[in-house]
Amino acid sequence: MRTISPLQEARAKYEPKLPNALIGNVRVTEGQATQSVDDQEEIKALFPNTYGLPVVQSEVDDQPLATEPVNVGVILSGGQAPGGHNVIAGLFDGIKKINKESRLYGFLMGPAGLIDHKYIELTDEVIDQYRNTGGFDIIGSGRTKLETQEQFDKGLIILKELNIRAVVIIGGDDSNTNACVLAEYYKKIDAGVQVIGCPKTIDGDLKNEQIEISFGFDTATKVYSEVIGNIQRDCNSARKYWHFIKLMGRSASHIALECALQTQPNVCIISEEVQAKNQSLDDIVTYIAQVVADRAKDGNNFGTVLIPEGLIEFIPAMNLLIAELNDLLAHEADAFGQLDKEGQRKFVIEKLSADNRAVFESLPEDVARQLTLDRDPHGNVQVSLIETEKLLAEMVKAKLAKWKEEGKYSGKFGTQRHFFGYEGRCAAPSNFDADYCYSLGYNASMLIAAGKTGYMSSIRNTTRPAAEWVAGGIPITMMMNMERRHGTMKPVIRKALVELEGKPFKTFERYRDKWAKETCYVYPGPIQYFGPSEVCDQTTQTLSLEHE
C-alpha cells in the first residue's frame, strides 16, 4: 500500500513562489514609529520595551543581513490552518540561507512544548516530508497560553540550553498577543531571545492594513465553498430540502461572507449586520421564514442558509446575556460546578439581572444550557457547541407552521443541517496559501536576521503576482487594545470584523435579494493545484474586492 497519495507526491515537487524582495540578499528598512489601535496609554504602560516600534519593510540589497549561524525555535499555536507546514519550511530555508549551520527546533504540541522542554530538531529529512501539505502534524499544536513569568522562565531554560536566539510563534490573535507578552518580557530582562509572530486563522479576523489576510482563510473557504456548492447541486436536484449550514467564525463572519460570494446561497446571515441593526432572534427567524415562503410561492420548496457559528453572540440581547454569564461563571465556577443540571439552571436564573434573566428563560432549555457549558481558555462561551443551525431550523419551522394556520404559507418545509468546521482546517493548501505561507516563514527569518523582536511577519500586495508582494514586519503592539477577558481587562490584538461599508459586504448586499428569490447557485468545485493561473492562483472574493 502507498504511504502518500498521488496528489501529495505531486505537491511535494511544487516550489512556492517568493516576493522579489526576498530573493537574494535583503535589507530591512524602518518607517515611522507606531502606536496601538486604541488604549494607547494602557498598552504603552504594559509594553514599555516593545511599544512604538516602526513598521519595517524588506528590500533587495547587495549584502546579506547576517551570516552567522542562528538557532531558532518554532511553535504552532491554536487551531490548525492550511499552510502551517509551509511557514515552517520557509523559515527553515530562510535561516539556512543565512548560514547552513543554522538549526531549527520545533516545540511539540504548541506552547506547552516550550514550557515542558519537549522538542525535535527539524532537519531537511523532516521538512521535506511536509512541504505543501495541510495540517500541523509536523510538530503538533496546542492551546496553552503563554502568560506567566514562571512559564517564560521555564521556556528560557531550554532556549539557552539549545542556544536558540529567536522563537517564531505561528498563531491567531490570542497566540500573537502571547507572543507580544513573551517578547516584552525577554526584552525587559535582556534575555537575548527575539520573538516573531505569523498571522494564522481560517476565521479571517486577524487582518489590517499591514496584514491583508491571515493564512489558511483562502484554502478553508474554498473547501467549504466546494461542499456548499455540492449541497446546492443536490438541493437543486432533489428540490425538497432547506439546508441550514453553520460555518466557522466565532468572532466575525468573514468565512460566511466569502462562501456566500463564492456560492450565491438563498440566505446568508452576517453577524455584524445583525448587531448593527439591533436585530432579535425572532427578526432573523422571520427573515429566513419569509424567504422560504416567497420561494414556495414559485414552487421552490428548497434552498440554502449560511450561518456563522458566532451569530448568537452578535444578537444584542444575547450578547448582553453571554457577557454576564461569562463574568458570572468566571467568578462562581466552583459553586456552579458542584450542582446538578437543574440546580445549575436555577443558580444561573437567580444570579442574572432581570433583563438577562428574561432572555435566558425565553430560550429553549437545551440552548440555554449550551450557553453555560465550559468556557474556552480565553473565558468565552464555546459557540461551536451551540447548535445554531438546529435552533434556527426549528424556529423557522415553527413560524411557518403558524403562518400555514393563518393562511400565509402553503409550501413544504423539510430540513437538513450541517456544520463545516474541521473539514477545512487541515486541507492541502491552495497555491495562494502555499506561496503566502512560505513567504511569511522566509520573511520571518529575515526579521530575525535584522534583530527584530515583537513583530509579526507581514506580506502585502497579495492580489498581485507573488513576485510583486511586499514583505516586512508590523509591531504586534500596533494591533492591540484592551478587552475584558475572564472578568478583567487585558491587552489583546483587536479582531477585524466584517465592515458593513466595505466592498465585500456591499457586493453581497447588492445581490442577496436576487439570490433569495431565484436559484442562482454557483458550484466552485474542488481546489485546483495544476492548470491555468486564472483557475489555480485565484485569491478569495473578499481580498479581490477589498483591493479593487
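The following paragraphs describe the overall build, the nonpolar cores and a few individual residues of a predicted model.

We can begin with the chain as a whole. Its secondary structure comprises 23 helices and 15 strands. The C-alpha trace spans about 80 × 60 × 50 Å along its principal axes. The radius of gyration is 24 Å, which agrees with the value near 24 Å that a compact globule of 548 residues would have. Of these 548 residues, 58% are buried. Among contacts with a sequence separation of 6 or more, 78% join residues 24 or more positions apart.

The surface comes next. The protein chain exposes about 22,800 Å², and 47% of this area is supplied by carbon and sulfur atoms. As for charge, the chain carries 60 positive and 75 negative charges, and the mean positions of the two sets lie 4 Å apart.

Turning to the interior, the largest nonpolar core holds 73 residues, and Ile 88 and Leu 247 have the most contacts inside it. Helix α20 (residues 431-449) gives this core its largest share, 11 residues. A second, separate core of 47 residues includes Trp 242, Leu 281, Ile 312 and Leu 329. Leu 247 itself repays a look in the viewer. Beyond residues up to four places away in sequence, Leu 247 touches a set of partners including Tyr 224, Ile 228, Ile 255, Ala 256 and Cys 259. Its partners also include Leu 306, Ile 307, Pro 308 and Glu 309, as well as Phe 419 and Phe 420.

A glycine in a strand offers another place to stop. Gly 31 sits in strand β1 (residues 26-33). Its C-alpha atom is separated by 5.9 Å from that of Val 56, although the two residues are 25 apart along the chain. Once neighbours within four places in sequence are set aside, Gly 31 is in contact with Pro 54 and Val 55. Gly 31 counts as partly exposed because its relative accessibility is 41%, a value between the 20% and 50% cut-offs.

Two loop residues stand out by their backbone angles. Most residues other than glycine have a negative phi. His 117, in the loop between α4 (111-116) and β5 (119-122), instead has a positive phi of about 65°. Arg 239 also has a positive phi, near 55°, and lies in the loop between α8 (217-238) and β8 (242-247). With a relative accessibility of 29%, His 117 counts as partly exposed. Arg 239, at 44%, likewise counts as partly exposed.

Notes:
Residues numbered from 1 in each chain as written. Predicted model: local features only at pLDDT ≥ 70, side-chain atom pairs only at ≥ 80, totals over all residues. Heavy atoms only, no water. Helix = DSSP H or I, 4+ residues; strand = E, 2+ residues; numbered from the N terminus. Rg over C-alpha atoms; globule rule 2.2 N^0.38 Å. Buried < 20%, exposed > 50% of the residue type's maximum accessible area, 1.4 Å probe, protein only. Contact = heavy atoms within 4.5 Å. Areas by Shrake-Rupley, 256 points an atom, 1.4 Å probe, with all protein chains shown as cover. Lys, Arg positive; Asp, Glu negative; His and termini not counted. Charge placed at Lys NZ, Arg CZ, Asp CG, Glu CD. Core = buried A, V, L, I, M, F, W, Y, C linked by side-chain atoms within 4.5 Å.
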